[in-house]
Amino acid sequence: MGLKPVILADYGILATLRWYRMELSKLYPNQHIELEIAIEEEDIPEDIETPIFRIVQEALNNTFKHSRAEWVDVRLAANSGAIELAISDDGIGMEQDYISESRIAKGLGLVGMKERAQLTGGELTIQSALNEGTAVRVVWRDHLISPKARVGREF
């Protein structure tokens, strides 16, 4: 799918996330993927669409490879003037110290996720504990396109 997936360029991030969920559901029929979208397409700046997709892609890849999760929740929402992406699972989790070890973090793609978030003005946090699942959260503050700003762009 290259650096920018064609579906993302043609249909936007929300359609891409829905498509990706369907594709993963075919590959992993025993896992349930819940996708909650509480934001409008036009409220998401183009410059964070690809990072959103790639972070979701990496987090879900980790979930299905390592976590033994049955349920995964992916939520993309507008929240207090920010855009928030949250991916959480009910898998086996891991110890926080394990997450911070750079060799392991690299192997799990955590460094890449963190860099994608930071390069686009986002803050990534990962919370996990043994037998309690894992939660990846990225917040892009001041990235939400307000209705007022949207109207101004239309003229």
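**Notebook: helix packing, strands and one loop residue**

I began with the contact between two helices: I13, T16, L17, W19, Y20 and L24 in α2 meet E49, I52, F53, V56, Q57, L60 and F64 in α3. I sorted this contact by class and got 10 nonpolar, two polar and one charged residues. I keep in mind that this is a predicted model.

**Geometry of the pair**

Two packed helices are described by the angle between their axes and the distance between the axes. I looked up both. Helix α2 covers residues 13-27 and helix α3 covers residues 49-67. They pack at an angle of about 15°, and their axes are 10 Å apart. Angles under 35 degrees count as roughly parallel. I therefore log α2 and α3 as roughly parallel to each other. I also checked the hand of the crossing of α2 and α3, and it is right-handed.

**Whole chain**

Next I stepped back to the chain. I find seven helices and five strands. Read from the N terminus, the elements run α-α-β-α-β-β-α-α-α-β-β-α. The chain has 155 residues, and 43% of them count as buried. I then took the contacts between residues at least 6 apart in sequence. Of these, 66% join residues at least 24 apart.

**Strands around β5**

I turned to β5, residues 134-141. Which way do β3 and β5 run? They run antiparallel, and seven bridges join them. Strand β3 spans residues 82-89. For the register I noted E84, which stands opposite V139 in β5.

I did the lookup again for β4, residues 122-128. Seven bridges join β4 to β5, and this pair runs antiparallel. Here S128 stands opposite T134 in β5. β4 and β5 form a hairpin with five residues between the strands. I checked the backbone there: N131 takes a positive phi near 60°.

**Residue A69**

Last, I picked a loop residue. A69 lies in the loop between α3 and β2, the latter being residues 71-79. Is A69 buried or exposed? Its relative accessibility is 3%, so A69 counts as buried; the cut-off for buried is under 20%.

I then asked which residues A69 touches, leaving aside its neighbours within four places in sequence. The list is Q31, T63, D89, D90 and G91. For G91 I also looked up the C-alpha separation from A69. It is 3.8 Å, with the two residues 22 apart along the chain. D89, one of the contacts of A69, falls in the range of β3, residues 82-89.

Key:
Residues are numbered from 1 along each chain as its sequence is written. This is a predicted model: local features need pLDDT of at least 70, side-chain atom pairs count only at pLDDT 80 or more; totals for chains, interfaces and linings use all residues. Side-chain values use heavy atoms; hydrogens and water are left out. Axes are lines fitted to C-alpha atoms, for helices over the stretch in contact, and angles run from 0 to 180 degrees between N-to-C directions. Helices (H or I, at least four residues) and strands (E, at least two) are DSSP runs, numbered from the N terminus. Angles under 35 degrees count as roughly parallel, over 145 as roughly antiparallel, 65 to 115 as roughly perpendicular and the rest as oblique. A crossing is left-handed if the near helix is turned anticlockwise from the far one by less than a right angle, and right-handed if clockwise. Contact means heavy atoms within 4.5 Å. Ala, Val, Leu, Ile, Met, Phe, Trp, Tyr, Cys and Pro count as nonpolar, Asp, Glu, Lys and Arg as charged, and the others, Gly among them, as polar. Two strands pair if DSSP finds at least two bridges between them. Buried means under 20% relative accessible area, exposed over 50%, partly exposed in between (1.4 Å probe, protein chains only).
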